[in-house]
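Welcome! Grab a pencil and work through a few exercises on the protein shown here, checking each solution as you go.

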Amino acid sequence: MKKKIFMLALGLMVVLVLSACGTKSQEDVVKDLNTKLEDLGGYKAKAKMTLQMGTEPHTYEVEIWHKEPDFYRVDLKNAQRDQNQMILRNEEGVFVLTPALNKSFKFQSDWPQNSSQAYLYESLVKDIMEDKEAKFTATKEHYVFETKTRYQNNKMLPYQEITLNKKDLAPISVKVMDSDHNALVTVKFSDVKFDASFDKNDFNVQKNMTGAQLDTTVMADLKNQELTVKYPEEIPGVHLVGEKEVKIDTGKRIVLTYEGDKSFTLVQEKTTVMPATAGPTNVTGELVDLGFTIGALTDNSLTWTNDGVDYMIASNDLTPEEMVEIARTVQSNAVK
């Protein structure tokens with residue numbers, strides 16, 4: 001009898017040991033991620049990104065290419081409109097392309113190293129590795145990390161939940177959350193190919209501008225589109241005190257003046273379609289990802305283009321982070 005009990009206990013111990021051997025700790029997974037990143041030559045991925053900011057959700061199709069050490073191609077396409085914007089990084093610098101407008105901008109920037117990027121795998125891994133207080137859980141098929149973000153507007157989006165596939169550590173989804181843990185940005189990956197191969201000109205500015213060029217009817221639609229004035233969401237302690245329409249060569253410019261605890265000016269005008277022969281325009285400011293578009297951020301201003309309209313926030317009172325936060329609420333609001 002004693003022998004049977006001993007053998008049963010021994011069997012249970014073996015099962016427990018084997019079970020423990022198959023369960024990786026947070027430290028084990030972080031170490032595996034670091035190794036994978038060091039061995040990774042590049043990847044291609046597709047994802048769907050949904051923004052919950054403003055009055056209604058906006059969805060974007062995202063295609064990501066990355067070739068070590070620092071070549072990038074991120075194609076952001078508005079799922080509701082036939083328009084796209086592309087971020088390119090090659091040996092010449094960082095470029096933002098808007099094919100429908102024949103526009104390309106060159107930034108003096110260390111993007112994407114300066115901030116979290118919810119659709120870049122190596123950025124997610126860096127966020128996991130740098131947050132020593134990251135929370136970790138494991139399900140049957142996934143590893144889930146909750147980490148702090150490194151966004152420029154960290155107060156607005158301080159947390160993120162990153163879900164990885166157990167088999168190959170590929171990203172499954174990312175939820176970027178506010179301070180109350182409400183998901184404001186959701187990225188769902190549909191196709192991730194590690195160690196992808198690339199052609200010689202895959203990160204060339206002109207090739208990508210030509211390849212992504214939209215037909216002339218889209219450009220015509222942008223030219224003929226009426227300017228609809230948009231307003232940011234209500235800001236405590238700040239009020240709209242003036243709305244002025246100024247005639248310019250290309251139509252009209254709307255100047256909104258806000259005063260209060262943090263005064264600022266919001267300018268809006270229809271954008272112009274550049275000639276096909278136009279080269280990249282050098283931009284003063286840091287590239288900032290607004291989610292729905294890319295902007296240029298300085299200490300006192302933020303400029304961006306969305307849906308055929310050029311916007312600019314200028315202020316001596318707002319911090320760069322506050323300008324980004326306001327800009328995110330302008331894109332879907334057509335009422336005061």
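The exercises below use a predicted model and move from strands to helices, rings and open spaces.

**Exercise 1. The sheet**

Task: Find the order of the strands in the open sheet of 12 strands, and name its edge strands.

Solution:
- Step 1. Follow the pairing from strand to strand, which gives the order β7-β8-β9-β10-β11-β1-β2-β3-β4-β5-β6-β15.
- Step 2. Look at the directions: the pairing in this sheet is mixed. As background, strands of a sheet pair through backbone hydrogen bonds, either parallel or antiparallel.
- Step 3. Look for strands that pair on one side only; these are β7 (135-138) and β15 (281-283), the edge strands.
- Step 4. Compare the directions of neighbouring strands in this sheet: on average they are turned by 20 degrees against each other, direction ignored.

**Exercise 2. Two strand pairs**

Task: Describe how β8 pairs with β9, and how β12 pairs with β13.

Solution:
- Step 1. Take β8 (residues 142-148) and β9 (residues 159-165): seven bridges hold this pair, in the antiparallel sense.
- Step 2. Pick one bridge as a check: H142 has N165 in β9 as its partner.
- Step 3. Move to β12 (residues 238-248) and β13 (residues 251-260), an antiparallel pair with 10 bridges.
- Step 4. Check a position here too: opposite K244 you will find V255 in β13.
- Step 5. Trace the chain between β12 and β13, where a hairpin of two residues makes the link.

**Exercise 3. Helices across strands**

Task: Work out which strands helix α2 and helix α3 lie across.

Solution:
- Step 1. Start with α2 (residues 26-39), which lies across β7, β8, β9 and β11 (183-194). Its angle to β8 is about 90 degrees.
- Step 2. Go on to α3 (residues 121-130), which lies across β1, β2, β3, β8, β9, β10 and β11. Helix α3 runs at about 115 degrees to β9.

**Exercise 4. An aromatic pair**

Task: Classify the ring pair of Y43 and Y121.

Solution:
- Step 1. Set the scene: the whole structure has 10 aromatic pairs.
- Step 2. Use the geometry: the ring centres of Y43 and Y121 are 6.2 Å apart and the planes stand at 80 degrees, so this pair is edge-to-face.
- Step 3. Place the residues: Y43 belongs to strand β1 and Y121 to helix α3, so the pair ties together parts 78 residues apart in sequence.

**Exercise 5. Pockets and a cavity**

Task: Describe the largest pocket, the second largest pocket and the second largest cavity.

Solution:
- Step 1. The largest pocket has a volume of about 370 Å³. It is lined by 22 residues, with F105, T303, W304, T305 and D310 closest to its centre. By class, the lining of the largest pocket has 11 nonpolar, eight polar and three charged residues.
- Step 2. The second largest pocket holds about 310 Å³ of space. Among its 16 lining residues, I235, P236, E322, E325 and I326 are closest to the centre. Helix α6 (residues 320-330) gives the most to this lining, four residues. The lining of the second largest pocket divides into eight nonpolar, two polar and six charged residues.
- Step 3. Turn to the cavities, of which four have 30 Å³ or more. The second largest cavity has a volume of about 110 Å³. Its lining has 13 residues, and Y151, V185, D289, G291 and R328 lie nearest its centre.

Conventions. Residues are numbered from 1 along each chain as its sequence is written. This is a predicted model: local features need pLDDT of at least 70, side-chain atom pairs count only at pLDDT 80 or more; totals for chains, interfaces and linings use all residues. Side-chain values use heavy atoms; hydrogens and water are left out. Two strands pair if DSSP finds at least two bridges between them. Axes are lines fitted to C-alpha atoms, for helices over the stretch in contact, and angles run from 0 to 180 degrees between N-to-C directions. Contact means heavy atoms within 4.5 Å. On a 1 Å grid over the protein atoms alone, a cavity is a set of points where a 1.4 Å probe fits but cannot get out, and a pocket is an open set with protein on both sides within 12 Å along at least five of seven lines; lining residues have an atom within 4 Å of a point. Grid points are joined across faces, edges and corners, and a volume is the space filled by probe spheres set on the points. Rings of Phe, Tyr and Trp (its six-membered ring) pair if their centres lie within 6.5 Å; planes under 30 degrees apart count as stacked, over 60 as edge-to-face and the rest as tilted. Ala, Val, Leu, Ile, Met, Phe, Trp, Tyr, Cys and Pro count as nonpolar, Asp, Glu, Lys and Arg as charged, and the others, Gly among them, as polar.
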